[in-house]
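This note sets out several points for a colleague who is meeting the structure for the first time. Please read the points beside the sequence and the model.

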Amino acid sequence: MKIRLVASDMDGTLLDSNKQLPPDFMAWVKNHPDIKTVIASGRQYYTLVKDFLPVKDELVYVAENGGFVFEKGSIIYSNEMKKEDIHTCLALIENLKGMTPIVCGAESAYMKKAEENVYREAAMYYARLQLVENLYETVSQDTVVKIAIFVEEKKAEDAMQYFDDLKEHLAAVLSGDSWIDISNRTVNKGIAVEAIQKKYGIDRTESMAFGDYLNDVGLIKSCEESYCMENGHPDLKALAKYVTASNDENGVMKVLEKL
């Protein structure tokens with residue numbers, strides 16, 4: 001089997017429970033220049049780059065769950081939300097208790113002042129994060145692809161019910177026990193990976209993917225050789241071709257070392 005593309009989610013997949021990369025991952029990237037290595041995450045591009053500085057220009061980044069694809073500092077794909085849709089979603093979230101919206105743009109992420117624990121959690125995923133007085137005004141100043149919602153007390157799965165009636169072209173995706181992401185329905189990691197495959201003439205049968213949660217469904221579908229982590233969501237395990245060891249057991253590297 002000839003693998004030309006490897007795409008991996010970050011949290012719960014490539015990163016262990018302490019948010020650490022496998023110590024041999026960057027060396028693997030350097031040793032496999034013939035393989036297009038893709039980091040596919042719900043995280044912001046600027047946050048991702050900080051984690052991979054020694055190999056930052058050797059990777060392709062699917063950021064914001066597929067809203068953007070960056071390569072060597074440039075956007076090579078984006079899926080922008082309409083301004084009126086963002087306003088509608090913000091109005092809905094404002095009326096829901098225990099939820100904090102973060103507007104995710106090409107230049108930065110934006111949120112209103114919040115409790116320290118909420119800000120700390122947001123800052124973990126958004127290296128560029130601006131506190132603003134008015135999110136509605138901010139929307140007009142950037143290319144926005146996603147609204148991330150931090151749900152307190154790890155009740156994100158329960159909170160999904162509040163977003164059942166979004167417009168048909170929008171979708172709410174559960175991306176962790178504390179996070180829900182709203183974007184265009186056509187935004188997912190898989191469609192972004194397909195854009196990379198098309199750009200470089202790589203077939204899905206030459207592609208490998210790793211994920212752990214429901215925001216990785218598109219990613220898993222876009223690659224023939226698909227792996228769910230042992231710690232992953234049961235629905236993703238059922239969808240993936242294989243199950244590998246958990247993120248705390250370096251499950252991604254156990255597979256990559258065999259290539």
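1. How many bridges join strand S7 to S8, and do the two strands run parallel or antiparallel? Three bridges join strand S7 (residues 109-111) to S8, and the two run parallel. Within this pairing, Met-111 of S7 has Leu-131 in S8 as its bridge partner. The model is a predicted one, and this should be kept in mind for every point below.

2. The pair belongs to an open sheet of six strands, ordered S8-S7-S6-S9-S11-S10, with mixed pairing. Strand S8 (129-131) and S10 stand at the edges, and each has a single partner strand, so one side of each is left without a neighbour in the sheet. From one strand to the next, the twist averages 25 degrees.

3. Strand S6 (residues 99-105) deserves a paragraph of its own. Seven of its seven residues are buried, so the strand is mostly covered; buried here means under 20% relative accessible area. Met-99, Pro-101, Val-103 and Gly-105 point one way from S6, while Thr-100, Ile-102 and Cys-104 point the other way. The residues on both sides of S6 are buried.

4. Which strands pair with S6 in the antiparallel sense? One of them is S9, which pairs with S6 over seven bridges. In this pairing, Val-103 stands opposite Ile-147 in S9. S7 also pairs with S6 in the antiparallel sense, over two bridges. Here Cys-104 has Ala-109 in S7 as its bridge partner. S6 and S7 form a hairpin, with three residues between them.

5. A further open sheet has eight strands, in the order S5-S4-S3-S2-S1-S12-S13-S14, and its pairing is mixed. Its edges are strand S5 (74-78) and strand S14 (242-244); each has a single partner strand, so one side of each is left without a neighbour in the sheet. Neighbouring strands of this sheet are turned against each other by 20 degrees on average, direction ignored.

6. Within the eight-stranded sheet, strand S13 (residues 225-229) is mostly covered, with five of its five residues buried. Glu-225, Tyr-227 and Met-229 point one way from S13, and Ser-226 and Cys-228 point the other way. The charged residue Glu-225 is thus listed among the buried residues of the strand.

7. Strand S12 (residues 207-211) pairs with S13 in the parallel sense, over four bridges. Two positions may help the reader to locate this pairing in the model. Met-208 stands opposite Glu-225 in S13, and Gly-211 stands opposite Cys-228 in S13.

8. Helix H5 (residues 116-125) has Val-118, Ala-122 and Tyr-125 as its buried residues. Seen down the axis of H5, these residues fall within an arc of 60 degrees, so they line one face of the helix.

9. The largest pocket should be inspected next. Its volume is about 660 Å³. The lining consists of 30 residues, and those nearest the centre of the pocket are Asp-11, Lys-19, Tyr-125, Ser-175 and Gly-176. Tyr-125 therefore appears in two settings, as a buried residue of H5 and in the lining of this pocket.

10. Which helices and strands each supply at least two residues of the lining of the largest pocket? They are helix H1 (10-14), H5, strand S9 (144-151), strand S10 (170-176) and strand S11 (179-184). By residue type, the lining divides into eight nonpolar, 11 polar and 11 charged residues. S9, S10 and S11 are also members of the six-stranded sheet.

11. Two backbone positions merit a check. Most residues other than glycine have a negative phi. Asn-65 has a phi near 60 degrees, a positive value in a residue other than glycine. Asn-65 is found in the loop between strand S3 (59-63) and strand S4 (68-71). With a relative accessibility of 7%, Asn-65 counts as buried.

12. The other position is Asn-250, where phi is near 55 degrees, again a positive value in a residue other than glycine. Asn-250 lies in the loop between S14 and helix H11 (251-256). Is Asn-250 buried or partly exposed? Asn-250 is partly exposed, because its relative accessible area is 30%, which falls between the limits of 20% and 50%.

Conventions. Residues are numbered from 1 along each chain as its sequence is written. This is a predicted model: local features need pLDDT of at least 70, side-chain atom pairs count only at pLDDT 80 or more; totals for chains, interfaces and linings use all residues. Side-chain values use heavy atoms; hydrogens and water are left out. Buried means under 20% relative accessible area, exposed over 50%, partly exposed in between (1.4 Å probe, protein chains only). The arc is that of the directions from the helix axis to the C-beta atoms. On a 1 Å grid over the protein atoms alone, a cavity is a set of points where a 1.4 Å probe fits but cannot get out, and a pocket is an open set with protein on both sides within 12 Å along at least five of seven lines; lining residues have an atom within 4 Å of a point. Grid points are joined across faces, edges and corners, and a volume is the space filled by probe spheres set on the points. Two strands pair if DSSP finds at least two bridges between them. Axes are lines fitted to C-alpha atoms, for helices over the stretch in contact, and angles run from 0 to 180 degrees between N-to-C directions.
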